[in-house]
Protein chains: 2
Amino acid sequence: MDNKDMLGRAGLVTVEEAGNIFHAGYVVPEPGRETVGITDALRRVLASDVVSTVTLPAFTRSSMDGYAVAAKDTFGATDSMPAYLNLAGEIQMGEEALAPIGKGQAFGISTGGMLPPGADAVVMLEHSERLPDGTLEVHRPVAPGDNIVQQGEDVRQGDVLLTAGHRIRPQDMGALAGIGVTSISVCVRPRVAIINTGNEIVEADKVPMPGQVRDINSYNLAGLVAHAGGLPVQMGIFRDEYTAIRDAVESATEKADVVAITGGSSVGTRDLTARVINDLGPPGVLVHGVSVRPGKPVIIGVAGAKPVFGLPGHPVAVTVSFELFVRPLIKRLSGLVDPLGLSGIPPVRVVRARMARNYSSSPGREDHIRVALELRDGEHWARPILGRSGLITTLVKAHGSVVIPLSVNGLVKGDWVDVELFD
Amino acid sequence: MDNKDMLGRAGLVTVEEAGNIFHAGYVVPEPGRETVGITDALRRVLASDVVSTVTLPAFTRSSMDGYAVAAKDTFGATDSMPAYLNLAGEIQMGEEALAPIGKGQAFGISTGGMLPPGADAVVMLEHSERLPDGTLEVHRPVAPGDNIVQQGEDVRQGDVLLTAGHRIRPQDMGALAGIGVTSISVCVRPRVAIINTGNEIVEADKVPMPGQVRDINSYNLAGLVAHAGGLPVQMGIFRDEYTAIRDAVESATEKADVVAITGGSSVGTRDLTARVINDLGPPGVLVHGVSVRPGKPVIIGVAGAKPVFGLPGHPVAVTVSFELFVRPLIKRLSGLVDPLGLSGIPPVRVVRARMARNYSSSPGREDHIRVALELRDGEHWARPILGRSGLITTLVKAHGSVVIPLSVNGLVKGDWVDVELFD
């Protein structure tokens, strides 16, 4: 392991390098499958292609209110020289149009009505006049195909409507209903086990004794996992002891697809976490430390064939390292296919804003800063929320984050930045 | 009603005018409340302020691994002239630090450990050396407050942690846990009743007879409602008859906060819908027709004190008119407060792309076009999906939509546009 120092700890790598090292050591497996009804399918990822067994529309329909005609009977019609057709009846919605249209005939039809045999166009209501004797005056010619939706114009039998890896949107639910598919095979959502370590941590519903603090990170992480499309699996709070953490991680690798260990910002705990991952490997620890602030002490490894992340214990560092490393993995484990590279677009909303003050950064390190937005004269200004990454309220007070890339030394008041909103 | 014509139909208005007319005739009510556990609170909207009853941290903690000291004992320390302190013990994580620090003393401490009485700073591990005889060499001075988080620095008792109208994010779940709040009062999600009308419509799981089609719009709308944060209430499919629609709308106004009627693209059905809304008013129909394509025949009214939307029956028109009028209303009924105007930022992801072909539009009308994205040499190109708004697959094939404003005549190939992704 070239990137490890003499103590067996991997050296600092960039965010990009960390991703590459991880994917060289871990092959993302095929997700499992389950069947869901389409009304429960929103945002689920298709496990296989959906091929239509029907043609949609099943019959040629009118797309306007008007009169079904044979187009050739209207050729040359104008306001001054209208075509005169014989109104032979009215197409009833939802009923089969059986009577064929005769030479010079028209049938009244509503939007969505079935065209009778022999009709190949619809004259719009606005371009015609019904005379008291039942004759129809047509003031404009129609061409074959005008104002109708042809049989199969929407979907043809055998068409692939949606492909595996696609995430279901509202319109997809509609289209599936339209072709009579009311349940689909989707990818099982990845389960992410959350382990919180620390002798000082107590459950949120307990009253902490002096020296103790309530668990914050498990709840923050559960929210982040759910928001990313995963299923959080709370493993609980464990003491900073080798056996306790090893047992928890071993059990977590059996119950979940990904393991996230939080807590343990102290060197001792980090080394304990790394030892556990190495002992449960191979390959064990792949990355130990990334040049990003906050989040530098992140550990990435594979144990029991499952990715294991040692996330720094400070709440802000937990969030930054989750977004950088765990969220993209959850997306991939979800079965999501992204041929357009759209996952590179921030998953959250972005607002352009101007920096409300200077902010210095060190080159060679990617800085993630929290900002609160302020509206001034219709412009958004981003005010960095100062405060240690141990303060959960720096995240609560912020509306989003700004990334200062490796190569940039800092930002000057008034600079335009992209704020990725916490949505 | 100035904007109605001789037939009692309101004339065409712009999207903005339609919103203004609606809000002049309908006062958004206060949402109801319910209590949820914080693990179920993601994306829920707070019904009341959360005031902390505790101080966080409850005690002054170390934010680094190192040694708790009285800062004055380190003043002037350098590499060549270190300060020498007496190592008096080790602070145990999760335990109260009772023994006060004496003059010239230091205690070993880990990140998160409780500072002993008399200590006011922490010397980082890296800036010190532990000698074999138990003496600590300190190579840099620390100022009071260095490398510690003061009691109450995160939250003070009585602080408003989160305000009513705020939508819960992952970090808020963490912060609530941190102050021991494990359940909160949230706004009840608005219920949106969905009515589909049309003699030709059958349930998605039925085999349609000639002239019949499966219900698409109810499923599309249910997805749109859920995606916007509402609860869809499926009322079913109804025949295009006054009594049937009136009964359905009346029942829907009792069961839900908003009523969306779809189907009925024919003039007859639209007039029926308008009649029902007027008869169940006052005020009845407020807007009948908006200068937008697709979606022009939209009806907006109030009946039985509930907003009722008559959405055009074509699937694409349903989506556009939902996004323009129903989604913003769902947000407001959700109790969401938006002091920064961030709801004006598209709720979906936006990608910059170049038009792959010319597209003409009429001034005086807002055009919403569906586009598919293509990656060419690292740039996204937006190809308009042509096809009638009656085709659900035009929505399925599209990755997002582009809005051409009222004042613009069209777009030229190569023009940059913002594509709002269907997320």
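These legends walk through several close-ups of a predicted model with chains A and B.

**View 1. How sure is the predictor about chain A and the complex?** Chain A has an average pLDDT of 91, and 94% of its residues reach at least 70. Residues 1–10 of chain A are another story: pLDDT stays under 50 there. For that stretch the model has 12 contacts beyond four places in sequence. For the complex, the predictor reports an ipTM of 0.89 and a pTM of 0.89.

**View 2. Chain A comes with four assigned domains.** Domain 1 is built from two pieces, 15–32 and 189–333, and domain 2 likewise combines 34–56 with 163–187. Domain 3 covers 61–149, and domain 4 covers 346–421. Look for domain 2 and domain 4 of chain A: their C-alpha centres are 39 Å apart.

**View 3. Here is an open sheet of six strands in chain A.** Reading across, the order is 16-13-17-21-20-18, and the pairing is mixed. At the edges you'll find strand 16 (231–238) and strand 18 (284–288) of chain A, each of them paired on one side only. Going from neighbour to neighbour, the strands of this sheet are turned by 20° on average, direction ignored. Zoom in on strand 13 (residues 191–197) and strand 17 (residues 258–263) of chain A: these two run parallel and are joined by six bridges. One spot to find is A:Ile195, whose bridge partner in strand 17 of chain A is A:Ile261.

**View 4. Helix 5 of chain A lies across strands of that sheet.** This helix takes in residues 267–280. The strands it crosses are strand 13, strand 17, strand 18, strand 20 (299–303) and strand 21 (306–310) of chain A. Against strand 20 of chain A, helix 5 runs at about 25°.

**View 5. Over in chain B, another open sheet has six strands.** Its order is 7-4-6-5-9-8, again with mixed pairing. Strand 7 (121–124) and strand 8 (128–130) of chain B each have a single partner strand, so one side of each has no neighbour in the sheet. The twist from one strand to the next averages 40°. Within this view, strand 5 (residues 83–90) and strand 6 (residues 105–109) of chain B pair in the parallel sense over four bridges. Across from B:Leu87 sits B:Ala106 in strand 6 of chain B.

**View 6. Strand 28 of chain B pairs with strand 22 and with strand 26.** Strand 22 (residues 350–355) runs antiparallel to strand 28 (residues 416–421) of chain B, with five bridges between them. Here B:Arg352 stands opposite B:Asp418. Strand 26 (residues 400–404) of chain B is also antiparallel to strand 28, joined by two bridges, and B:Ser401 faces B:Glu420.

**View 7. Where do chains A and B touch?** Each side brings 83 residues to the contact. On chain B, the elements that supply at least two residues each include helix 2 (170–178), helix 3 (217–227), helix 6 (315–333) and strand 24 (366–376). The chain B side splits into 41 nonpolar, 28 polar and 14 charged residues. Also, 100% of the interface residues of chain B are interface residues in chain A, so the copies meet through the same surface.

**View 8. A turn of 180° lays chain B on chain A.** The RMSD is 0.1 Å, with a shift of 0.0 Å along the axis. That relation is a two-fold axis. To find the axis, start at B:Arg349, the residue of chain B that comes closest to it, at 2.9 Å (C-alpha).

Note on methods:
Residues are numbered from 1 along each chain as its sequence is written. Chains are lettered from A and ligands numbered from 1 in the order in which they are written. This is a predicted model: local features need pLDDT of at least 70, side-chain atom pairs count only at pLDDT 80 or more; totals for chains, interfaces and linings use all residues. Two strands pair if DSSP finds at least two bridges between them. Axes are lines fitted to C-alpha atoms, for helices over the stretch in contact, and angles run from 0 to 180 degrees between N-to-C directions. Two residues are in contact if their C-beta atoms, placed from the backbone, lie within 7 Å. pLDDT is the predictor's confidence in each residue, from 0 to 100. Ala, Val, Leu, Ile, Met, Phe, Trp, Tyr, Cys and Pro count as nonpolar, Asp, Glu, Lys and Arg as charged, and the others, Gly among them, as polar. Copies are superposed by least squares on the C-alpha atoms of residues with pLDDT of at least 70 in both. Domain bounds come from an automatic or database domain assignment.
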